[in-house]
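Reader: Please take one part of this model and describe it closely. I would like the packing of a single helix pair, with the cut-offs stated.

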Amino acid sequence: MGHFNRNQRLIIAARIAAVTIFANRFGVCNGTYADCAPSKDELVLIENLCIGEEVANSKNFDITEPAIKEVLDTGLFSSRGEKLIGWSHQTYAEFLAAWYLKEHNVSVSLFQSLFYLSEDEDPEQKLIPQLHETAAWLATMIPEIREVILSTDPDVLLLSDLPPDGTVQEAVVSYLLMQSEQEIFVAQNINYRLHEKLKHPNLAEQLRPYIVDASKAIDARDTAIKIAEVCEVNKLQNELVTLATDSEEKIELRISAVQAIGEIRDKNSRLKLKPLALNPLPEDEDDRLKGCCLQALCNNKRNYLTDDELFDALTPPKKINLLLGSYQLFIEYTLVPMLQEKWLREPRLKLDFIKDEGKSGKFVNVLVNLKENHYGRLYDFVLDLIGDIYLTPRLGSKSDKSHKNFAISIYRELQLNNKEEIDFIDDYLNNKGRECYENFSDFFIGEKLPSNKARNNRPQQNLLAPYHRNRIILSLNQLENGNLSAWWRLNTEMTLKPDSRFNYYETEPDLTKLPGWKEADEPIRTRIIQGAENYIINQKEINTDWIGKNKVNWPALAGCRAFLLLLNKAPKILETIPSETWRIWAPVIIAFPLGNLDSDNFLELVKIVYSKARDQVCKTLDILIDQENQQFDSISRIRIFKKCWDDDLSDFILEKAQSKSLKPSCIRYLLEELLKHGSNEARDEAIEYLQTLSSLPLPLNKDERDRVIIALTLLFRYPTADRWSSIWSILEQEPNLGRDLIESVAYRYYSFPGHLELNLNEKQLADLYMWLVRQYPYHEDPDHSNGVRYNVSPRDKVARLRDDILRQLENFGTPQACDQLERIFGKFPELRWLKQRLISARDTMRRKTWNALEPKDVIKTILYHDPIVSKTVGDNQSTYNIDLYNEGGNVSIGGKDITNMVKKKTFNTDGGDVITNSNNKNRGSVNNSKTITTNKIGKGKRNTIKVTDPKTNPSSGDLWNKILGIMTIVGVVAGVIGLFGNGIFNEQIKRFFRIDQQPSLSPTPTVPSPSSTQSSE
């Protein structure tokens, strides 16, 4: 049996919740901070929860470590790793933290100090984002706090239960409409879960002006329509129909109105949409309005269209989008399933449809042009329909795979609208159907292998002889008898499979990946390893004349393979190889043909040979850089030196990069690797050289000018105040060169996934962004709104760079970043969407600026501000000590100032029972039929008195019902996403409610790590 009853456990759980929420910790550490590193700043120690007392069942009890552990072993919590415990669901913590504040009589002033930044930090006085959910719970418990939230963050109340009278709902709707008018809130945030939180008796009158008044902001009108839809406001049907059928209105609003009519389910209103569905609309450029009308008129619940009307309305989509629009969605997810169900129920209907070649052919043409991707259930449905229309009447059964191949061929020709090819296939099937079907069907699909018959008719090539294994053994025997050339021939044999006709692995450096190694048994592998050592040690004459001349020398490359094999399988042998041998082989290892050289083992081999023969390595690298510079615009060889970077290699690369013979593009590759891998000193030297290239005045020679662009491109990634000043001067004074620079930066950093993070302050980022907006205006951006696949152009990359700089500024999380965004908005008022980014930046600022309390301070703050310091507890009264301390002349008790208690003589205790301290000389009294007496407290002095506990037994019955409700809701979600399978809700949660069972806290919990848990962030 546990030591604590459920009400005691509840108040302890609420205390833990308050600490984790207001100290911004994700869980509890059942140990020391040393046990929880590096996550100690995200955890609270059990000892920091054990402060003072709580009350349950009208009794005070101490909060001790065993009490905390007993609660942590309930179903409210789950393991987050060794000695780490977190909430089973974040909702538990958010609700219980709010309830804890309520139980401790939180005042509006304390609420504001906990949930808002100071006015200096946040003049707007918005809720701290991490505390939104807790604030929403608290709003349901304390009306005064709900009013505060309503005045600052009405949208947060959408997370809570609202009173039924509609007053709050009306205020929230007004706020959302106002935010939409300012283009801060978007209608997409309205969803059906908000139905009861937005609906109120005056909703229709509140929304009507926005729906009918074309002069109001489009976002506000869209929000009003969306609210009417989710709340199913029948009184607005006529207004919505008028808007939907008005060709002068914005197409986006008409689509929203049709969607609302479809959800409100009024037959007469839906029927008025028929003309929009059946007649072509020039303004409906991507069929979205048509698709929404069809969905409203025809779905699996009701159908207001005849079959003839429906199929007459179907046309090939005007645009093929990667992101399906409403028209494509209607066909794929509404119409096709309806037809499948109908045809399955009545096969005769499908036969009649297929016989009507005009209707069926038109439908197939619509389907094949619906989207580009060739997979999924729609694709299979279309192929099946093509087979029924074109093939089955001519070829009979469609069970053969070739039947599907014909269907795929016809599908592709239909998609290409290649009428001649379709007629050819049709004619061929009509005249030579079965013969064609049997002999040539496989060739209709380019990706398919030839048929068995065609494959068997090919002339057969003889396999290599003698048998593969015997050839390997023969080479090993020759090698062991002193014929060193047998090693490289052995390498060649190992690249072949028993049935090989060609050599596919000539440039693979790792012998263990070759077929010969994989098929060899252990004795043969041992002999191969011994042969590798023999070849390395005894092969003294190595031909290196081929290096840098687009040639290869297989005997030499076989030596590189031997080194890599020993590194993989017998590394101790490498330690015995003389330095002179390393110097002989170093050029060969470095010059091995590029291909599969990024493996960790090969990079390790390069590191070893570099340490053993640095001079030979650098001489070879110099030759190879010159070769690549002559033949290409990049230097790829440098990438094999990832593990070698030291001062010598850095100096060599920096000196080489300054060579006048190198192309600017090749210089960039060398310096990029140096900046990425070199030491701080080497990077500083490289940057100093880059700065000398980019100084004004600029050269006129194209090659020199290209070098400047390369230098500035690299400096862009590593700006300091001085470096940025030179870059900014060029952007301002040489806009043409600036555009070349920006396009070079965009090309370099956006050819691969990821973002470019610039080390600039807020003002510098804002200045750069505004320069980019002027040079590359948004209205000149390539238009990809139709979702069609496209190749990313240089202009696309510049647009991404520009937008990433804005994103970086938005995510800075400082008041200065918000100020700069406000400045940007002032410069470009036509970009009204920037206001949303400013709002987002302020939200980020609140999130990052919030300095959460320390765990101990959370409890002390809440208890200290509890205004009821004494209250009758009942028959079993208990007492506790209150320290009164005069700090700077102020004395308080229970949050009330009693500095002048001696002068005033009285202080209201709300009628509490007290125990008197009788050792006072200068007595002041606190009266309300009961008396508290204390010594006069001098400045800097302390006195302790005993006062009865201020708490009464909480009304726990209703609370348990609410907790059960939360667990039920979370449990349903958990069942959907599989949390039950992970054991979150199992015996522990049963133990939470069973008093007759002794819980135990596992000392070494083992499940998910902290990084995988939900947090208040």
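Author: The helix pair comes after a short note on the model and the chain. This is a predicted model, in which local features need pLDDT of at least 70 and side-chain atom pairs count only at pLDDT 80 or more, while totals for chains, interfaces and linings use all residues. Residues are numbered from 1 along each chain as its sequence is written, and side-chain values use heavy atoms, with hydrogens and water left out.

The protein chain has 47 helices and 12 strands (DSSP runs numbered from the N terminus: H or I of at least four residues for helices, E of at least two for strands). Of its 1017 residues, 50% count as buried (under 20% relative accessible area, with a 1.4 Å probe and protein chains only).

The pair is α31 (residues 579-590) and α33 (residues 614-631), which pack at an angle of about 30° with axes 9 Å apart. Axes are lines fitted to C-alpha atoms over the stretch in contact, and angles run from 0 to 180 degrees between N-to-C directions. The angle makes α31 roughly parallel to α33 (under 35 degrees). The crossing of α31 past α33 is right-handed (the near helix is turned clockwise from the far one by less than a right angle). On α31, the contact (heavy atoms within 4.5 Å) is made by Arg-583, Ala-586, Pro-587 and Ile-590; α33 contributes Gln-616, Val-617, Thr-620 and Leu-624. Among the residues of this contact, five are nonpolar, two polar and one charged (Ala, Val, Leu, Ile, Met, Phe, Trp, Tyr, Cys and Pro count as nonpolar, Asp, Glu, Lys and Arg as charged, and the others, Gly among them, as polar).

Conventions. Angles under 35 degrees count as roughly parallel, over 145 as roughly antiparallel, 65 to 115 as roughly perpendicular and the rest as oblique.
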